[in-house]
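Grab a pencil and have a go at each exercise before you read its solution. Each solution goes one step at a time.

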Amino acid sequence: MAEAHPVGFQWVMEAKKRGAKVFHVDPRFTRTSALADTYLPIRAGTDIALLGGVVRYILDNELDFREYVLAYTNAANIVSEQFADTEDLDGLFSGYNPDTGSYDHASWQYEGQEGSARIRGTGKERDSASGLEHESHGEPVPTQAPRDETLQHPRCVYQILKRHFSRYTPEMVARVCGIPEEKFLELARAWTENSGRERTGALVYSVGWTQHSVGVQYIRTGSIIQTLLGNMGRPGGGILALRGHASIQGSTDIPTLFNLLPGYLPMPHHADHPTFDEWVDSIRRPGQKGFWGNSRAFATSLLKAYWGDAATPENDFCYGYMPRMTGDHGTYQQVLNMIDGRVKGYFLLGQNPAVGSAHGRAQRLGMANLDWLVVRDLFMIESATFWKNSPEIATGEIVPEECRTEVFFLPAASHVEKEGTFTQTQRLLQWREKAVDPPGDARSELWFFYHLGRVLREKLAVSTERRDRALLDLAWDYPTHGPHAEPSAEAVLKEINGYEVATGRLLNAFVEARDDGSTAVGCWIYSGVYADGVNQAARRRSRHEQDWVAAEWGWAWPANRRTLYNRASADPEGRPWSERKKYVWWDPDAGEWTGYDVPDFEKTKPPSYRPPEGASGPAGLAGDDAFVMQGDGKAWLYAPTGVLDGPLPAHYEPAESPMRNPLYGQQANPTRKIYEHPVNRMNPSPPEPHSEVFPYVFTVSRLTEHHTAGGMSRTVPRLAELQPEMFVEVSPELAGEVGLAHLGWAHLISGRAAIEARVLVTDRLTPLRVDGRIIHQVWLPYHFGSEGLVTGDSANDLFGITLDPNVLIQESKVGTCDVRPGRRPTGPALLDLVGDYQRRAGMTPDRKVPLVTTDAAGGDDAAGSTDERSPAAHQDGEPDA
């Protein structure tokens, strides 16, 4: 955080001055480590083992915040007797289908509700990244589930948690992660001692935590800890995801994602949602508790914002114009489709896949097989010049004179050259004024897309084709200003906020959205950003002029609420858990919820409220159902559905690992998304043979002096001078083993590429003793490429493409490689070097990467059936029985 988010890290330092203890877990000793109280080195890709050890420590010592857990979680819910855990199936859960590499969720349900499971193991949910659709709302579950409030029933969630994490002992944490037992216990003690009725602790992770084949389950494990300890919905607690850009939060709220619409409404699927009613019902799920019960109003208002007068009740508000998902439309499927000649044109804005995406060679080969490519950026980035200045030119894989791609480079305006909002990691919208005019032909994204849409609509104005009506009927009227007809960003924000169609009155809150077409709302969670007709995001009232919550600095979605689920900051009766940590509470005299923040609850619903029989939506929430977006009003320690790779987190090795999974016979995530493509050969991992060909672990992260793929920083002289060259950090021990010289050259080889870097021999990387052997890790920055004032090979060239099944994000924080002294070869010799490694590692074109490695699934892994990893490895029966 100190390295990558230094402005935010100042507040960690403020907390430390006040007595907070700071622990830092990272494969490499960084600027954050230097300022932490305790640093824990970890083997990259093993975070679930560490966090699972903390869960075990909490449960074995009964350190959970019991009143909170009973009131606000599903700990007491009783799970079906059909459920089998990883403890029973050597690393698999019940319901696994090895043919599709996916789970049927029926056996994960609560007792008596097995028939309610929506996901039946087809793999379709993985291709559409359906796990991401539920980022802010729960999957469907019956509102009433059998419970044991004593938490003694052997199949209640609490007891299942205890059994599931029982093998995550301090010894196992040390064996898997390389973290000494005493360091682990210091962390576990501090975390639990700083949690409960009187105290709270925060978990902070950088967005790279998601970039693993089990990334969603990393965050799930952290959520389980914070929920058990009562740290959710309370001041000083929670989980903070540090974004890599100023508005990554904004680009998921109003998404640049293929499977979401604004406000986390899921994109329709052609097979599942042929009608408007079926689409809406898949979101609100009739009979469910919670505020997603109002989804029809959110969906109707969005379509009304898109198509205006053309959207009427009679035509289901132009639902027929909506795009439909047909499968995997993610960025990595797209680039493989480019290589295969199935994509003709591509727009690139705000990203540089030639450097910034996993498997850089595949990215460049894909872009070289397009008819046209539009790149909008501040500088000539590698994704605009790949056709003349990439490693594939030297190898002969791309011939500039023969490259078919016509590249259109359009200069873009920077953030200080345009007006608009950022939505940062706190969900806070902050308005920025334009400071200076953009130079030359540089234009904002708003200008580009508005005028592109205008020109296309003009060209199609006389069309009678039915296919063109969606474009022609768009509500595409925004006021413009200035010599270049720049659209008004405030007008766009007003549409996002929402308004009454008849009067134009701006809405004050999302509860004013209607399902009859009388309101238009571009993103329902942002309703209120223009409350009272005032741009609330532009507020900058000093913290010295308001209370500590600072509600008048910018505007946070939803409803300017600064802490989500803050009903949980009070006990079930509505009283603060402690005077010291009071945040929102029930005022019986006034008959309403009050406090420092906007209560995340219906303002006048008393704690004693119990819903009538059959109530659903917000009316179905009881007065102590604190997690108001969940289908049962509870925080889920155990996920009976919705998470595609298991109802509980389990440690799996990264897709590329030098060692066997010490916990289970199942080596890696059995539901991970693998692309079997000739360009995407994956390094072997145990129990496959030849994993020793790639003996070292590499990981990547960012430097303070550079920004992501380097397009904005390697062109700045002073930043380039501070970090002038691509380098690799290695431990003194590894340098001695390989023969590397400090400030000399090394090259790193994976099954996809070989890159070179200067050597920095440093104690910041510690060789780890893991499962009886020494594991060496090396670290690389991912900022370098072939353009700019300073250049170098791209670290992301080393990665292959393996994805988390829930959100289809790539595993790009851990891989395996070999390290050699000296510079890499160039030209055809580079291909020969990589080809030699592929041959020695058995990475033939017809090789299939094994998803299942356990005996329980019918595999042939002898080691998994004989060693101490799995005492239940010989259990009879198939895992999906």
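Two strands pair if DSSP finds at least two bridges between them. Helices (H or I, at least four residues) and strands (E, at least two) are DSSP runs, numbered from the N terminus. You're looking at a predicted model, where local features need pLDDT of at least 70 and side-chain atom pairs count only at pLDDT 80 or more, while totals for chains, interfaces and linings use all residues. Residues are numbered from 1 along each chain as its sequence is written, and side-chain values use heavy atoms, with hydrogens and water left out.

**Exercise 1. Work out the strand order of the sheet that holds β12, β13 and β18.**

Step 1: Start with β12 (residues 420-423), which is joined to β13 by four bridges, and the two run antiparallel. Within this pairing, F422 stands opposite Q430 of β13.

Step 2: Check the turn. The hairpin of β12 and β13 has four residues between the strands, and R427 there takes a positive phi near 70°.

Step 3: Now go to the other partner. Two bridges join β13 to β18 (residues 555-556), again antiparallel. L429 has W555 as its bridge partner in β18, and L428 has A556.

Step 4: Put it together. The order is β12-β13-β18, an open sheet of three strands with antiparallel pairing. β12 and β18 are at the edges with a single partner strand each, so one side of each has no neighbour in the sheet.

**Exercise 2. Decide how strand β13 is placed: enclosed or open to the outside?**

Step 1: Get the cut-offs straight. Buried means under 20% relative accessible area, exposed means over 50%, and partly exposed is in between (1.4 Å probe, protein chains only).

Step 2: Apply them to residues 428-432. Four of the five residues of β13 are buried, so the strand is largely enclosed by the rest of the structure.

**Exercise 3. Find what sits over the ring of F422.**

Step 1: Know the test. A charge sits over a ring if NZ of Lys or CZ of Arg is within 6 Å of the ring centre and within 35 degrees of the ring normal.

Step 2: Look at R432, whose charged end lies over the F422 ring, 4.6 Å from its centre.

Step 3: Try another case for practice: R324 lies over the face of Y319, at 4.3 Å from the ring centre.

**Exercise 4. Classify the ring pair of W593 and F601.**

Step 1: Recall the rule. Rings of Phe, Tyr and Trp (its six-membered ring) pair if their centres lie within 6.5 Å; planes under 30 degrees apart are stacked, over 60 edge-to-face, and the rest tilted. That rule gives 43 aromatic pairs here.

Step 2: Read off the geometry. The W593 and F601 ring centres are 5.6 Å apart with planes at 70°, so this pair is edge-to-face.

Step 3: Check the surroundings: both W593 and F601 are buried.

Step 4: For a bigger group, trace the aromatic cluster formed by F83, F93, Y96, Y103, W108 and Y638.

**Exercise 5. Say which parts of the chain are tied together by three salt bridges: R120 with D104, K124 with D272, and D771 with R175.**

Step 1: Set the cut-off. A salt bridge is a side-chain nitrogen of Lys or Arg within 4 Å of a carboxyl oxygen of Asp or Glu. The count comes to 50 salt bridges.

Step 2: Take R120 and D104, with their closest N and O atoms 3.6 Å apart. Both lie in the loop between β4 (102-103) and α5 (124-127), so the pair ties together parts that are 16 residues apart in sequence. R120 is partly exposed at 43% relative accessibility, and D104 is partly exposed at 23%.

Step 3: Move on to K124 and D272, which meet at 2.6 Å, N to O. K124 is in helix α5 and D272 in the loop between β8 (265-266) and α12 (276-284), so this pair links distant parts of the chain, 148 residues apart. Both ends are partly exposed, K124 at 29% and D272 at 34%.

Step 4: Finish with D771 and R175, whose closest N and O atoms are 2.5 Å apart. D771 is in the loop between β26 (768-770) and β27 (773-775) and R175 in helix α8 (residues 170-177), so the pair ties together parts that are 596 residues apart in sequence.
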